[in-house]
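Reader: Hello! I am new to this structure and would love a close look at just one part of it, the place where the strands pair. Could you walk me through that?

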Amino acid sequence: RDRNKGTVSIVRDERNSIQLKVSSITLDQYLLDHNFQKIDLIKIDIEGGEYLALQGMKNSLKEFHPQLLIEFDEDVISRSKYSTAEILNYLTELNYYKFYLDANGELTEHQNKSQSKNLIFLHESMLNTPL
């Protein structure tokens, strides 16, 4: 049973009852248009659009090296055009490393079953910097 009545997804399924076309721009373009000089954190929870969004922020990821907090819903991603592996490979190519949050809120490289679907990605430049 679907408990999240506010879910909007780029991925079509039998639960999608309304389809809308919306205009959008990449994060790279938005940050350029608004003359951002710094960005520290990006939260991504966009139900199947993760890979496309990450592609649209490639220049920003290279320039600013923000921390990324990304929800990975395997059910939704498996119905999209892109796989979790493709997303992880893309971030690896940009020198990002994957971490999980443990029960104490600390970063860990190892997942346990009680952890959320949210993963933390840190650029290699942050790995020797206090968080």
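Author: Happy to! One term will help before we start: a contact here means that heavy atoms lie within 4.5 Å. Please also keep in mind that this is a predicted model. Among the contacts in the chain with a separation of 6 or more, 66% are between residues 24 or more positions apart.

Now for the setting. The chain has five helices and five strands, and along the sequence they follow the pattern α-β-α-α-β-α-α-β-β-β. The part you asked about lies at the end of that pattern, where it reads β-β-β.

Let's begin with strand 3, residues 96–101, which runs antiparallel to strand 5, residues 118–123. Four bridges join these two strands. To find one of the pairs, look for Phe99: its bridge partner in strand 5 is Ile120.

Strand 3 has a pairing with strand 4 as well. Strand 4 covers residues 107–108, and two bridges link it to strand 3, again in the antiparallel sense. Here you can look for Leu101, which stands opposite Leu107 in strand 4.

Next, follow the chain from strand 3 into strand 4. The two form a hairpin, with five residues between them. In the turn you will find Gly105, which has a positive phi of about 80°.

As you trace these strands, one general point may help: in a regular strand the side chains alternate between the two faces of the sheet.

Finally, step back to the whole chain. Of its 131 residues, 33% are buried. The chain exposes about 9400 Å², with carbon and sulfur atoms supplying 48% of that area.

Notes:
Residues are numbered from 1 along each chain as its sequence is written. This is a predicted model: local features need pLDDT of at least 70, side-chain atom pairs count only at pLDDT 80 or more; totals for chains, interfaces and linings use all residues. Side-chain values use heavy atoms; hydrogens and water are left out. Buried means under 20% relative accessible area, exposed over 50%, partly exposed in between (1.4 Å probe, protein chains only). Accessible areas come from the Shrake-Rupley method with a 1.4 Å probe; for residues, only the protein chains shown count as cover. Two strands pair if DSSP finds at least two bridges between them.
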